[in-house]
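This report describes the overall form of one protein and then turns to its sheet. Please consult the sequence and the structure while reading.

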Amino acid sequence: EPEGPGTVVDVATDAGVFGTLLAAATAAGLVETLNNPDATLTVFAPRDTAFEGVDVNALLADTEGLKTLLLNHVLLSEVLSTGLSDGQVVTMAGGSDVTVMIGDGKVMINNAEVVTVDVMASNGVIHIIDSVISFEPEGPGTVVDVATDAGVFGTLLAAATAAGLVETLNNPDATLTVFAPRDTAFEGVDVNALLADTEGLKTLLLNHVLLSEVLSTGLSDGQVVTMAGGSDVTVMIGDGKVMINNAEVVTVDVMASNGVIHIIDSVI
């Protein structure tokens with residue numbers, strides 16, 4: 001008979017309620033880490049019911065994102081329930097911070113309630129939680145995320161998709177300035193004809209983009225700027241308005257993780 005419990009993986013397997021978590025750990029290549037007898041781990045382990053309403057297939061397909069998510073449920077040290085305190089902020093192995101909240105007889109880790117504490121393993125401890133821990137994204141997402149969340153760029157995003165530019169605009173390592181026409185800017189434009197001519201569309205859209213970050217403070221009256229599509233635009237500032245050729249800038253400096261958006265009222 002083995003002396004005492006096995007590793008975190010053994011204990012989770014024997015418990016019979018962590019099938020999804022173990023499948024995810026396998027897909028993310030983390031079983032070895034969790035099975036390491038010399039490790040000292042704390043695992044906030046979502047039981048199978050925690051994955052209800054989660055698109056598990058999408059999760060398993062994105063192995064890098066999955067690995068980070070799972071590591072954000074792990075500490076590389078042993079913290080028993082007695083070591084948790086209300087208001088405590090802990091940086092998980094995936095790099096994100098969680099906040100411990102204790103009150104009303106409950107222990108919460110961000111959104112997830114701890115339902116069982118201190119399940120001991122030979123290489124650490126498991127606390128069972130009833131939800132997958134969710135994390136507030138650090139600051140804004142990419143230009144595409146910000147534009148999508150804004151809800152007024154449906155046509156622009158459809159056009160970017162048709163032109164094969166979403167990847168460019170979504171690149172986290174890019175530094176972009178996008179003069180983004182809102183949906184009303186496309187009134188009177190034959191959008192179907194535009195979407196049909198993908199090469200022309202791509203050039204047109206790139207003529208709304210700079211491959212560098214230019215905030216409103218970097219725009220000056222009479223400035224001529226060569227856009228990523230190869231055409232020049234002229235900035236005109238006066239009468240309390242900023243114009244890019246024919247298009248009026250209605251909102252400046254909408255920040256994204258990979259650049260800045262200036263919202264315009266017409267297609268340039």
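## Overall form

The model is predicted. The protein contains 10 helices and 14 strands. Its C-alpha atoms fill a box of roughly 80 × 40 × 30 Å along the principal axes. The radius of gyration is 25 Å, whereas a compact globule of 268 residues would have a value near 18 Å.

## Burial, surface and contacts

Of the 268 residues in the protein, 38% are buried. The exposed area is about 13400 Å², and carbon and sulfur atoms supply 52% of that area.

Contacts may also be sorted by separation along the sequence. Among those between residues at least 6 apart, 59% join residues at least 24 apart.

## The seven-stranded sheet

In general, the strands of a sheet pair through backbone hydrogen bonds, in either a parallel or an antiparallel manner. In this protein, seven strands form an open sheet in the order β9-β8-β14-β13-β12-β11-β10, and the pairing is mixed. Which strands lie at the edges? The edge strands are β9 (209-210) and β10 (224-226), each of which pairs on one side only.

Within the sheet, strand β12 (residues 241-244) and strand β13 (residues 247-256) run antiparallel and are joined by two bridges. M243 has E248, in β13, as its bridge partner.

## A helix across the sheet

Helix α6 (residues 143-150) lies across three strands, namely β8 (176-181), β13 and β14 (259-264). The helix runs at about 115° to β13.

Terms used: Residues are numbered from 1 along each chain as its sequence is written. This is a predicted model: local features need pLDDT of at least 70, side-chain atom pairs count only at pLDDT 80 or more; totals for chains, interfaces and linings use all residues. Side-chain values use heavy atoms; hydrogens and water are left out. Two strands pair if DSSP finds at least two bridges between them. Helices (H or I, at least four residues) and strands (E, at least two) are DSSP runs, numbered from the N terminus. Contact means heavy atoms within 4.5 Å. Axes are lines fitted to C-alpha atoms, for helices over the stretch in contact, and angles run from 0 to 180 degrees between N-to-C directions. The radius of gyration is taken over C-alpha atoms; the globule rule is 2.2 Å times the number of residues to the power 0.38. Buried means under 20% relative accessible area, exposed over 50%, partly exposed in between (1.4 Å probe, protein chains only). Accessible areas come from the Shrake-Rupley method with a 1.4 Å probe; for residues, only the protein chains shown count as cover.
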